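Me: I should like to take a close look at one part of this structure, namely a place where two helices pack together. Please describe that part carefully, and then explain what surrounds it.

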Amino acid sequence: MAETEAKVDNPAAADEWAAALEAEEKAKAAGTAAPAAAGDAAAGADGEQRILNQDEIDTLLGFDVKKEGGQHGGRNDGIFAIMDKSMTAYEKLPMLEVVFDRMVRQLSTALRNFTSENVDVSLDSMVSIRFEDYLNSIPLPALLVVFRAVEWENFGLVTVDSSQIYSMVDILLGGRKTSKPQRTEGRPYTTIEQDIVKRMVDIVLAEMSSAFEPLSPASFHFDRLESNPRFATITRPGNPALLVRFRIDMVEDRGGILEVLLPHTTLEPIRDLLLQMFMGENFGQDTVWEKHLGKELRSTIVEIEAMLDEKQVTLKDVMSLKVGSTLLMDCTPADPVTLRCGGIPVTTGVLGRIGDNMAISLQDSIKRKMKET
């Protein structure tokens, strides 16, 4: 006992004892960590975890710098394909192709009459795009026309590029026959140029209204003319829109691009009509199926109820009913009986008996009774 107290009272011995305990704990910890590290090394050797390089990461995210000279074209790969997945359903509107094919033919004739020259209009593409992406992709300088869809109570956008504008100005005002019209840099479009664009867009809107007419009445009217895309905002930046691009080829290798943008909120009132595979799809009739259905309906078994009278009682009276209780009705055996089928009154009759069976003699015509109902 004395020796133990001496050891405790000696500070040097206490320090040595603490150091020994700490060394023992470190040894135990090292012994436990060594097998775990060995197991991780073995798992790494077996699994051979692979790290993606930069090119694979760019391809996965949709930034493939090897395509189209370092620029991502189309945004149909990687993460952009996932982001644009919500617009896939909007691209499948079969009747839109029919409408714009009709518009191409009519617009070619209308522009020929407007310019007195040979004009060829072709449908270049028809895709769905986000409205903000379209505003950022407009090649400037250009003129943007905002138009109203009266019946649909919304707006649309027509964009005319500079090449088409100056080609139309040269043809209508007798300019020099050069293959590539030159734009004078550093000046805005003149009033004459804007007026010519307005007249051309009025023709485009009139022909587009005529193209939609067989499907649904539509009137497109000029609203305003803008040269800055930010002032032509007609819907939310993230909303999807339908972009239809027309290529206009004119004499002397002139021409340009005309684009029509219709937000999907604008097309929503006639979306059911645009989903049809052909014109008048909902009006087709199958006479064979109608005859078969009528034949089967006539042989269908239905239940007919004969109701002598109805009476309303309180829940208390219903709960007090017992075997032998009498319920008084406000009718006599000579009163007419109502026949019902599926809860619908069909006709009335008089209750009687034929042999051992109950019978009802019909009074009112079934057709007249159904007409009155």
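Reply: The part chosen here is the packing of helix H7 (residues 162–173) against H8, where the two axes lie 10 Å apart and form an angle of about 95°. H7 is therefore roughly perpendicular to H8, since angles of 65 to 115 degrees are counted in that class. In general, two packed helices are described by the angle between their axes and by the distance between the axes. The model is a predicted one.

Which residues make the contact between these helices? On the side of H7 they are Gln-164, Ile-165, Tyr-166, Met-168, Val-169, Leu-172 and Leu-173, and on the side of H8 they are Ile-192, Glu-193, Ile-196, Val-197 and Met-200. Sorted by character, the residues of this contact comprise 10 nonpolar, one polar and one charged.

Further along H8 lies Ser-209, which belongs to that helix. Is this residue buried or exposed? Ser-209 has a relative accessible area of 12%, and it is buried because the limit for that class is under 20%. If neighbours within four places in sequence are left aside, Ser-209 touches Ala-218, Ser-219 and Phe-220.

The surroundings of H8 include a sheet. Six strands make up this open sheet, in the order S1-S5-S6-S3-S2-S4, and their pairing is antiparallel. Its edges are strand S1 (120–130) and strand S4 (220–226), each of which pairs on one side only. On average, neighbouring strands of the sheet are turned by 20° against each other, with direction ignored. As a general matter, strands of a sheet pair through backbone hydrogen bonds, in either a parallel or an antiparallel manner.

Two helices may now be placed relative to this sheet. Helix H5 (residues 94–115) lies across S1, strand S5 (240–250) and S6, and it runs at about 135° to S1. Helix H8 (residues 191–212) packs on the sheet as well, touching strand S2 (142–149), S3, S4 and S6, and its direction makes about 150° with that of S4. H8 thus has two kinds of partner in this account: H7, through the helix contact, and the strands of the sheet.

Strand S3 deserves particular attention. How many of the eight residues of S3 are buried? Seven of them are, so this strand is largely enclosed by the rest of the structure. On one side, S3 is joined to S2 by eight bridges, and these strands run antiparallel. Leu-144 stands opposite Thr-159 in S3. The two strands S2 and S3 form a hairpin with four residues between them, and Glu-153 in the turn has a positive phi of about 55°.

S3 also pairs with S6. Strand S3 (residues 154–161) and strand S6 (residues 254–263) are joined by four bridges and run antiparallel. Thr-159 stands opposite Glu-259 in S6, while Val-160 stands opposite Leu-258 in that strand. Thr-159 accordingly has a partner in each of two strands: it faces Leu-144 in one pairing and Glu-259 in the other.

Other strands of the chain are also arranged in hairpins. Strand S8 (residues 337–341) is joined to strand S9 (residues 344–354) by five bridges, and the two run antiparallel. Within this pairing, Thr-338 has Thr-348 in S9 as its bridge partner. Two residues lie between S8 and S9 in their hairpin, where Gly-342 in the turn has a positive phi of about 65°. S9 is in turn joined to strand S10 (residues 357–362) by six bridges, again in an antiparallel manner. Val-350 has Ser-361 in S10 as its bridge partner. The hairpin of S9 and S10 has two residues between the strands, and Gly-355 takes a positive phi near 65°.

The setting of the whole chain completes the picture. The chain contains 13 helices and 10 strands. Of its 373 residues, 28% count as buried. Among contacts with a separation of 6 or more, 64% are between residues 24 or more positions apart.

Definitions and conventions. Residues are numbered from 1 along each chain as its sequence is written. This is a predicted model: local features need pLDDT of at least 70, side-chain atom pairs count only at pLDDT 80 or more; totals for chains, interfaces and linings use all residues. Side-chain values use heavy atoms; hydrogens and water are left out. Two strands pair if DSSP finds at least two bridges between them. Axes are lines fitted to C-alpha atoms, for helices over the stretch in contact, and angles run from 0 to 180 degrees between N-to-C directions. Contact means heavy atoms within 4.5 Å. Angles under 35 degrees count as roughly parallel, over 145 as roughly antiparallel, 65 to 115 as roughly perpendicular and the rest as oblique. Ala, Val, Leu, Ile, Met, Phe, Trp, Tyr, Cys and Pro count as nonpolar, Asp, Glu, Lys and Arg as charged, and the others, Gly among them, as polar. Buried means under 20% relative accessible area, exposed over 50%, partly exposed in between (1.4 Å probe, protein chains only).
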